[in-house]
Amino acid sequence: MATRGKLEVDIELKSSADKFWKTIRESTEIFPKAFPHDYKSIEVLEGDGKAAGSVRHITYGEGSSLVKSSKERIEAADDEKKTVSYAVIEGDLLEYYKKFKGHIAVTTADNGCEVKWTAEYEKTCHEIPDPSAVKDFAVKNFLEVDQYIIQQAAS
């Protein structure tokens with residue numbers, strides 16, 4: 001069994017790519033208010049919380065079973081291409097994975113947008129399972145963001 005791996009998931013959503021991307025980019029403010037069951041707080045420690053080099057401390061809510069806290073550094077962000085890459089640099093997840101990097105890409109689709117989430121990881125040992133729980137949390141979160149955007153448009 002390999003200790004390094006990659007997970008990918010593509011999700012089709014009803015929101016426009018522009019609105020979804022804007023909500024993801026404003027996650028520091030929006031997520032703790034809109035999804036308190038998933039995010040207790042997101043604190044910007046370095047930078048503006050959006051640009052490459054920014055560091056954010058995320059305290060997760062009861063909706064996250066595996067991880068309660070993490071620090072992420074944004075490695076790259078491109079508003080024109082609607083892509084962001086980040087690395088977990090501290091926190092519970094690193095008890096299981098030596099390295100964990102995520103990438104989000106948002107593209108326009110026929111009836112909304114498509115979000116592609118990719119994670120590259122290196123396990124601390126062979127016995128550690130693939131981070132499927134992290135992937136499931138990301139999918140759930142993207143679906144919740146989509147619902148949030150739809151509800152905001154309706155109100």
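1. Surface. The accessible surface of the protein chain in this predicted model amounts to about 8300 Å², and carbon and sulfur atoms account for 49% of that area. Of the 155 residues in the chain, 43% count as buried.

2. Secondary structure and overall form. The protein chain contains three helices and seven strands, arranged along the sequence as β-α-α-β-β-β-β-β-β-α. Its radius of gyration is 15 Å, close to the 15 Å that the globule rule gives for 155 residues, so the chain is as compact as a globular protein of that length. Taken along the principal axes, the box filled by the C-alpha atoms is roughly 45 × 30 × 30 Å.

3. Contacts along the sequence. Considering contacts between residues at least 6 apart in sequence, 51% join residues that are at least 24 apart.

4. Charge distribution. The protein chain carries 22 positive and 28 negative charges, and the mean positions of these two sets are 1 Å apart. A search of the whole structure yields 13 salt bridges. Some of them are described in the points that follow.

5. Arg25 and Asp79. The side chains of these two residues form a salt bridge, with an N to O distance of 2.9 Å. Arg25 belongs to helix α1 (residues 17-25), whereas Asp79 is in the loop between β4 and β5 (83-91), so the pair ties together parts that are 54 residues apart in sequence. The two partners may also be described by accessibility: Arg25 is buried, at a relative accessible area of 12%, while Asp79 is partly exposed, at 45%.

6. Glu144 and Lys140. A further salt bridge joins the side chains of Glu144 and Lys140 at 3.3 Å, N to O. Both residues are in helix α3 (residues 132-154), where their spacing of four residues separates them by about one helical turn. Glu144 is buried, with a relative accessible area of 19%; Lys140 counts as partly exposed, at 31%.

7. Lys6 and Glu8, and a network. The side chains of Lys6 and Glu8 meet in a salt bridge at 3.9 Å, N to O. Glu8 has a relative accessible area of 44% and is thus partly exposed. Elsewhere in the list of charged groups, Arg4, Lys98 and Glu122 are linked in a network of salt bridges.

8. Glu72, a point for attention. This residue is found in strand β4 (residues 69-78). Which side chain of opposite charge is nearest to Glu72, and how far away is it? The nearest is that of Arg56, 4.0 Å away, yet Glu72 is buried and has no salt bridge. Not counting residues up to four places away in sequence, Glu72 touches Ser54, Val55, Arg56, Ile58 and Tyr60, together with Tyr86, Ala87, Val88 and Ile89. Arg56 is therefore named both as a contact of Glu72 and as its nearest side chain of opposite charge.

9. Val139. This residue is placed in helix α3. Leaving aside neighbours within four places in sequence, Val139 is in contact with Val9 and Ile11. Val139 and Lys116 are 23 residues apart in sequence, and their C-alpha atoms are 9.8 Å apart in space.

Methods: Residues numbered from 1 in each chain as written. Predicted model: local features only at pLDDT ≥ 70, side-chain atom pairs only at ≥ 80, totals over all residues. Heavy atoms only, no water. Helix = DSSP H or I, 4+ residues; strand = E, 2+ residues; numbered from the N terminus. Rg over C-alpha atoms; globule rule 2.2 N^0.38 Å. Buried < 20%, exposed > 50% of the residue type's maximum accessible area, 1.4 Å probe, protein only. Contact = heavy atoms within 4.5 Å. Areas by Shrake-Rupley, 256 points an atom, 1.4 Å probe, with all protein chains shown as cover. Lys, Arg positive; Asp, Glu negative; His and termini not counted. Charge placed at Lys NZ, Arg CZ, Asp CG, Glu CD.
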